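Here is a short report on one protein structure. Keep the sequence and the 3D view side by side as you read.

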Amino acid sequence: MSWILLVIAGLFEIAWAVGLKYTDGFTRLWPTVGTVVALIVSVVLLGAASKSLPIGSAYAVWTGIGAVGTVLCGIAFMGDPATPMRLVCVGLIILGIVGIKMS
């Protein structure tokens with residue numbers, strides 16, 4: 001169950017990281033509210049998952065999910081570049097997440 005909570009926390013991390021783009025420097029109310037809510041949910045779920053997971057593993061997986069998801073959302077929806085080197089680096093982050101989970 002802790003790993004499921006951690007994955008959901010990672011998905012909310014993607015939401016708040018992408019949401020930052022839409023807050024326009026926290027000047028737009030509803031994108032800011034959504035971003036802050038996603039941030040709070042993400043951290044609360046990380047805290048719940050870390051009750052039974054090692055904090056180093058939980059934090060690394062949480063940030064990894066957020067980093068990979070944010071990069072992929074940027075590529076898919078915001079016109080960020082999808083250069084081969086960026087994609088290789090994202091692949092390395094995924095390998096790191098899998099490695100942490102397996103160890």
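Is W62 buried or exposed? W62 is buried, because its relative accessible area is 8%, and the cut-off for buried is under 20%. Keep in mind that this is a predicted model.

**The ring partner**

A search of the whole structure finds one aromatic pair. Its members are Y59 and W62. Their ring centres lie 5.6 Å apart, and the planes meet at 45 degrees, so the pair counts as tilted. Why can these two side chains meet? An α-helix has 3.6 residues a turn, so residues three or four places apart point the same way. Y59 and W62 are three residues apart in helix α3, which means about one helical turn separates them. Y59 is partly exposed, with a relative accessibility of 46%, whereas W62 is buried at 8%.

**Helix α3**

Helix α3 covers residues 55–77, which makes 23 residues. Does the length fit, or what should it be? At 1.5 Å a residue, α3 should span 33 Å. Its end C-alpha atoms are 32 Å apart, so the two values agree.

Several residues of α3 are buried, among them S57, V61, W62, G64 and G74. What covers them? The cover of the buried α3 residues includes α1 (2–23), α2 (29–49) and α4 (84–102). After α3 comes G79, with a positive phi near 75 degrees.

**Spans from the record**

An unreviewed UniProt entry lists residues 27–47, 59–79 and 85–102 under "transmembrane region". Two of these spans can be set beside the model:

| Span | Distance between end C-alpha atoms | Helix | Strand |
|---|---|---|---|
| residues 27–47 | 29 Å | 90% | 0% |
| residues 59–79 | 28 Å | 90% | 0% |

Y59 and W62, the aromatic pair, fall within the listed span 59–79.

**The loop between α1 and α2**

Which residues here have an unusual sign of phi? D24 lies in the loop between α1 and α2. Its phi is positive, near 55 degrees, although D24 is a residue other than glycine. D24 is also exposed, because its relative accessible area is 51% and exposed means over 50%. F26 is found in the loop between α1 and α2 too. The phi of F26 is near 60 degrees, again a positive value in a residue other than glycine.

**A charge over a ring**

One last contact involves a lysine and a tryptophan. K101 lies over the face of W3. The distance from K101 to the ring centre is 4.7 Å.

Methods: Residues numbered from 1 in each chain as written. Predicted model: local features only at pLDDT ≥ 70, side-chain atom pairs only at ≥ 80, totals over all residues. Heavy atoms only, no water. UniProt positions renumbered as here; feature names shortened; annotations may be inferred. Helix = DSSP H or I, 4+ residues; strand = E, 2+ residues; numbered from the N terminus. Expected span 1.5 Å × (residues − 1). Buried < 20%, exposed > 50% of the residue type's maximum accessible area, 1.4 Å probe, protein only. Contact = heavy atoms within 4.5 Å. Phe/Tyr/Trp six-rings, centres within 6.5 Å; stacked < 30°, edge-to-face > 60°. Lys NZ or Arg CZ within 6 Å of the ring centre and 35° of its normal.
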